[in-house]
Amino acid sequence: MTLLLVIEASPRHEHSASRILTAQFVEKWARSHPNGSVVVRDLVQSNLQFVDLPWIGAAFTPPEQHSPEHASALKTSTTLIEELKAADHIVIGTPMYNFSIPALLKAYIDQIVRVGVTVSTAYEGMLKNKKATVILTTGGDFSPGAPFASANVASSYLKQILGFIGISDVDIVLAVKTLTIDQGETTLANFASQFDAELSAAAA
Ligand SMILES: Cc1cc2nc3c(=O)[nH]c(=O)nc-3n(C[C@H](O)[C@H](O)[C@H](O)COP(=O)(O)O)c2cc1C
């Protein structure tokens, strides 16, 4: 059975451009994978902790020496990694925050990048045969050729970190100028309809 893991990062729920685009992607994916199943990891609901000293101590202790305290410090990380390992396709719906990604998504990434578990000690990605789609919404214009295109750190960072854990087949759907929705120049539904073909191709 094919499994899609949906990672959501916007706290704006029904007003969120990344969430509506991600929902459209999921609908298309489900249509082209009738026997597939979908698991949602909503980071806004997940109450993720930042990596702290017990986490670091545990993550860098060989598993065969893990105490119950080590296992407890890594419990969330282990759950998230199991969820990720089970998935064939991962879709990340996220806004751009300050040219990069929201802290919630960074907290998730810090939990799932673990030496010996998702990346080898030789720094080879250990998650194989997976595909990822990133749906990135931005208020401003970061489309290719736009004056600020190179300030978009979010796309390159997400590609880099997914590749680091072994996921090199990554599509990025860059949905720029959501400011036009906030300014009343277009509606969320009209804005989202522009990406129909791109989302269909990514979900095929
Ligand atoms: C804290 C914060 C930081 C933001 N930083 C940027 C930014 O650096 N560049 C940009 O174009 N838009 C920025 N935005 C706008 C969001 O990227 C934009 O509104 C996006 O569509 C929000 O996605 P959502 O509707 O899924 O929440 C920022 C918004 C917030 C709330």
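This report describes the ligand site, two residues with positive phi, a nonpolar surface patch and a helix residue in a predicted model.

## The ligand site

The ligand is surrounded by 16 residues, of which S10, S16, S18, M96 and T178 are the closest. Sorted by class, this shell consists of nine polar residues, six nonpolar residues and one charged residue.

Three polar approaches to oxygen atoms of the ligand can be described individually. A polar side-chain atom of R12 is placed 2.7 Å from a ligand oxygen, and T178 likewise has a polar side-chain atom at 2.7 Å from an oxygen atom of the ligand. At M96, by contrast, a polar atom of the backbone is what lies 2.7 Å from a ligand oxygen. The ligand taken alone would expose 640 Å², and 75% of that area is buried by the protein.

## Two residues with positive phi

Most residues other than glycine have a negative phi. N47 has a phi near 50°, which is a positive value in a non-glycine residue. This residue belongs to the loop that connects α2, spanning 43–46, with α3, spanning 53–59. N47 counts as exposed because its relative accessibility is 62%, and the cut-off for that class is over 50%.

The phi of Y123 is near 60°, again a positive value in a residue other than glycine. Y123 is found in the loop between α6, residues 103–112, and β4, residues 131–137. With a relative accessibility of 56%, Y123 also counts as exposed.

## A nonpolar surface patch

Y123 also contributes to a nonpolar patch on the surface, which covers about 470 Å² and is made by this tyrosine together with V51, I56, F60 and V115. Within this group, V115 is located in the loop between α6 and β4, the loop in which Y123 lies as well. The two residues fall into separate accessibility classes: V115, at 30% relative accessibility, counts as partly exposed, whereas Y123, at 56%, counts as exposed.

## A buried serine in helix α7

S155 is part of helix α7, which comprises residues 153–164. Is this serine, S155, buried or exposed? S155 is buried, because its relative accessible area is 15% and the buried class takes in values under 20%. The side chain of S155 is joined to the side chain of N152 by a polar contact of 2.8 Å.

Technical notes: Residues are numbered from 1 along each chain as its sequence is written. This is a predicted model: local features need pLDDT of at least 70, side-chain atom pairs count only at pLDDT 80 or more; totals for chains, interfaces and linings use all residues. Side-chain values use heavy atoms; hydrogens and water are left out. A residue is near a molecule or strand if one of its heavy atoms lies within 4 Å of it. A polar contact is a pair of N or O atoms within 3.5 Å; within protein, one must be able to donate a hydrogen and the other to accept it, and residues adjacent in sequence count only if both atoms are side-chain atoms. Accessible areas come from the Shrake-Rupley method with a 1.4 Å probe; for residues, only the protein chains shown count as cover. Ala, Val, Leu, Ile, Met, Phe, Trp, Tyr, Cys and Pro count as nonpolar, Asp, Glu, Lys and Arg as charged, and the others, Gly among them, as polar. Helices (H or I, at least four residues) and strands (E, at least two) are DSSP runs, numbered from the N terminus. Buried means under 20% relative accessible area, exposed over 50%, partly exposed in between (1.4 Å probe, protein chains only). Patches are made of residues with over 30% relative accessible area and no salt bridge: like charges are joined within 9 Å, nonpolar side chains (Val, Leu, Ile, Met, Phe, Trp, Tyr) within 5 Å. A salt bridge is a side-chain nitrogen of Lys or Arg within 4 Å of a carboxyl oxygen of Asp or Glu.
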